[in-house]
Amino acid sequence: MSISEIAKLRVGDMLEPMTHNPISRTTLALFAGASGDHNPIHIDVDFAKSVGMDDVFAHGMLGMAYLGRFLTSIADQRNIRSYSVRFSSITQVGAKLKCIGKVIEITDTSAERLMTIELSVTDQNNDVKLIGDAVIAFQ
Amino acid sequence: MFNPEFIGYSFPTKTVNVEEGKLKFFSQTIGETDPIYLDKDTAKDQGYRSILAPPTYSFSLTLEGESLRDKYEPIGLELGKLLHGAQSFEFFGEICAGDTVIIDSKIVDIFQKKSGALDFCIEEMVVKNVEGETLAVLTQTFIMRH
């Protein structure tokens, strides 16, 4: 979105959601290598079973990276001041993640106008996987 | 269990080179299509030094050169019990391919909830450029389930 489009948003407005392809085992293997998080719980089903899980599950940071893409599709990355999430449940293989955003606050500081966006990621069953928020500057 | 004696512990400072190929691989893996994250010329045309690192890439830079086991087993991590509980970023400047960054990490808190069933470790990491300017501050919450 351009700065002028962002400036038209009001508190309570929902942003156009972003949906991602289902998470495959290949994605998890590639993300382990690409992200540097080699924890076998995400890539080795034998290890996952040995610690009591039924299967491997996605890196929390993969969901956060998808949500980051959603955020940078809204605002120029240079205008993002903060970005925080809580990982509320495990994301399973096959999950089709949807990124959701809602404007919850607009405040003025001496230097800039800031918009707080409430963020969440849900799967195809509407189970919440990540919740968080981001603050972007837009004026 | 995380060992509470490590509250306040600072890990050795790390210097990391932001490699273009690795950065591009990360962006491709998360399905990024915006060329500022993939193509050097486009990134430069838009005012960046080179390919821009996506917002969460600094987290990967903090992992570079050591495994979770190497870094956290001394403070009590059991990898099979680990969950990433929360993650936050404050941004003060962008990171691009070709940059060198300096990373300082510190354990700021270790505590338990639910009568020890959940074990928390909070770490703060500061990413600076070689001029000493802060680019990002990361706070991560690790949880072990017992």
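Looked up residues 16–123 of chain A first: I get 30% helix and 29% strand, with the end C-alpha atoms 16 Å apart. Helices (H or I, at least four residues) and strands (E, at least two) are DSSP runs, numbered from the N terminus. This is a predicted model, where local features need pLDDT of at least 70 and side-chain atom pairs pLDDT 80 or more, while totals for chains, interfaces and linings use all residues. Residues count from 1 along each chain as written, chains are lettered from A and ligands numbered from 1 in written order, and side-chain values use heavy atoms, without hydrogens or water.

UniProt calls that span "domain: MaoC-like" in an unreviewed entry. For chain B, its unreviewed entry puts "domain: FAS1-like dehydratase" at residues 6–136. I note that UniProt positions follow the numbering used here, feature names are shortened, and annotations may be inferred rather than shown by experiment. Residues 6–136 of chain B come out at 21% helix and 33% strand, end C-alpha atoms 23 Å apart.

Next, the sheet. I find ten strands in an open, antiparallel sheet, ordered E1(A)-E3(A)-E4(A)-E5(A)-E2(A)-E2(B)-E5(B)-E4(B)-E3(B)-E1(B); pairing takes at least two DSSP bridges between two strands. Its edges are E1 (18–19) of chain A and E1 (14–17) of chain B, each paired on one side only. Where do the chains join? Five bridges link E2 (residues 80–87) of chain A to E2 (residues 82–91) of chain B, and A:Val85 stands opposite B:Gln87.

Last, I checked for disulfides (cysteine sulfur atoms within 2.5 Å) and got zero over all chains. A:Cys99 is buried (under 20% relative accessible area, 1.4 Å probe, protein chains only), at 0%. B:Cys96 is also buried at 0%.

Technical notes: Buried means under 20% relative accessible area, exposed over 50%, partly exposed in between (1.4 Å probe, protein chains only).
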